[in-house]
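Reader: Could you take me through one part of this model, the place where the two domains meet? I'd like a close look at what each side brings to it.

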Amino acid sequence: MGLLYPADRLVTAREAARRAGVDALLVTPGADLRYLTGYNAHASERLTCLVLPAEGDPLLVVPVLERSLVEASPAGALDLALTGWQETEDPYAVVAAHLAAALHRSLARVAVGNRMWAEQALRIRDALPGVELGLAGSVLRELRMVKSADEVEALRRAGQAIDRVHARMTDWLRVGRTEREIGRDIAAAILREGHVSADFTIVGSGPNGASPHHELSDRVVQAGDVVVVDIGGTTAEGYCSDSTRTYVCGGRAPAEVADYYAVLLAAQQASTAAVRPGVTPHEVDAAARDVITAGGYGELFIHRTGHGIGLEGHEEPYIVAGNTEPLRAGMAFSIEPGIYLPGRHGARIEDIVVCAAAGADRLNVVSRDLVVLPG
Ligand code: ZN
Ligand code: ZN
């Protein structure tokens, strides 16, 4: 796992901050902190904050009671000083003092992590009077968006893990069971198959399948139901899986489903085939949308085509109309067009792909057909 969190990221991030005219990055628990240090900290009211000045040494400020957790994580192997603050100390003053000591210039612009809690961002503002606060995402996005070869392999392992869950859907998705019962079994399988958390289990049966972000309900699956199953988790390495397949449970689906499913499958294929370096997310989205529109279902495809994935389930780049920042090799994202008939049923097909020189490298390979389960 060492290669997943290489030691040079603090240096790379510091250089990126300097180029962006930012005097320091302040990063609290979450994907940015894990990306930069390998430390998977839990967020709490006690401040944990990586202080990364554009010049001088970085410092990880942690509650003293969590110091041993940092030392046991990949961050413990980095050349990174730690300060454990006592319960009666003000950690924000520790942050401000380190910045004052590290920088040989006056502090003008500081960028805080995009997911920092508001109460912490406001305390930082108070501790650094007169300093302009911005978001660290504008600096870190460039680093996190393009995955290293080791990150791609970690995402592939996550993809294989969620594929194994889809491959066994017939064990759980049965007529007469509720979505909640089915979802509980799927969540357990997500954990068994190599994830440390089951982050979401969408089982959208019948009319619920027409609501893309439906999760679980007490609806009982009926014979002939179309069921959208969108599932994902996080592996111990920190990387996320996310894959959707659509099933028919116990019998024949309504006749029009086969028609729009064929359109959807062609759209997912066209969108995936459009992926290569230099192509824009706008174009990848259009490749799916054009097929669905030509098939007569354009108004029923009510969301973007995809989202980036890595240490977070949703991150940049977003595969959406209007995003004209060209794809680069190493970017990882979902291709997940859907067609939704309100109040009736719907379908979605979702794979994670990596943009590679030769085109899309699909990390989910389990059959994309409309799978008919015996029920
Ligand atoms: Zn999904
Ligand atoms: Zn997704």
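**Where the domains meet**

Author: Taken over C-alpha atoms, the centres of domain 1 and domain 2 sit 35 Å apart. On the side of domain 1, 7 residues take part in the contact, and domain 2 puts in 10 residues. Keep in mind that this is a predicted model. As for where the pieces lie in the chain, domain 1 covers 8-143 and domain 2 covers 149-373.

Now for the area. Between them, domain 1 and domain 2 bury about 730 Å², with 35% of it on carbon and sulfur atoms. On the domain 1 side, look at Ala31, Arg34 and Arg141: they supply 58% of what domain 1 buries against domain 2, more than any other three residues.

Charge turns up here too. The rule finds 5 salt bridges across the interface of domain 1 and domain 2. If you want a pair to zoom in on, try arginine 9 and glutamate 151, which form a salt bridge whose closest N and O atoms are 3.7 Å apart. Polar contacts between domain 1 and domain 2 come to 5 residue pairs, counting those with both residues at pLDDT 80 or more.

And which elements carry the domain 1 side? Helix 2 (31-37) and helix 6 (137-145) are the ones that give two or more residues to the side touching domain 2. Helix 2 gives the most, with 3 residues. Sorted by class, that side of domain 1 has 5 charged residues, 2 nonpolar and no polar ones.

Key: Residues numbered from 1 in each chain as written. Chains lettered and ligands numbered in written order. Predicted model: local features only at pLDDT ≥ 70, side-chain atom pairs only at ≥ 80, totals over all residues. Heavy atoms only, no water. Domains from an automatic or database assignment. Contact = heavy atoms within 4.5 Å. Buried area = accessible area lost by both parts, 1.4 Å probe. Salt bridge = Lys/Arg side-chain N within 4 Å of Asp/Glu carboxyl O. Polar contact = N/O pair within 3.5 Å; in protein donor to acceptor, adjacent residues only side chain to side chain. Helix = DSSP H or I, 4+ residues; strand = E, 2+ residues; numbered from the N terminus. Nonpolar A, V, L, I, M, F, W, Y, C, P; charged D, E, K, R; others polar.
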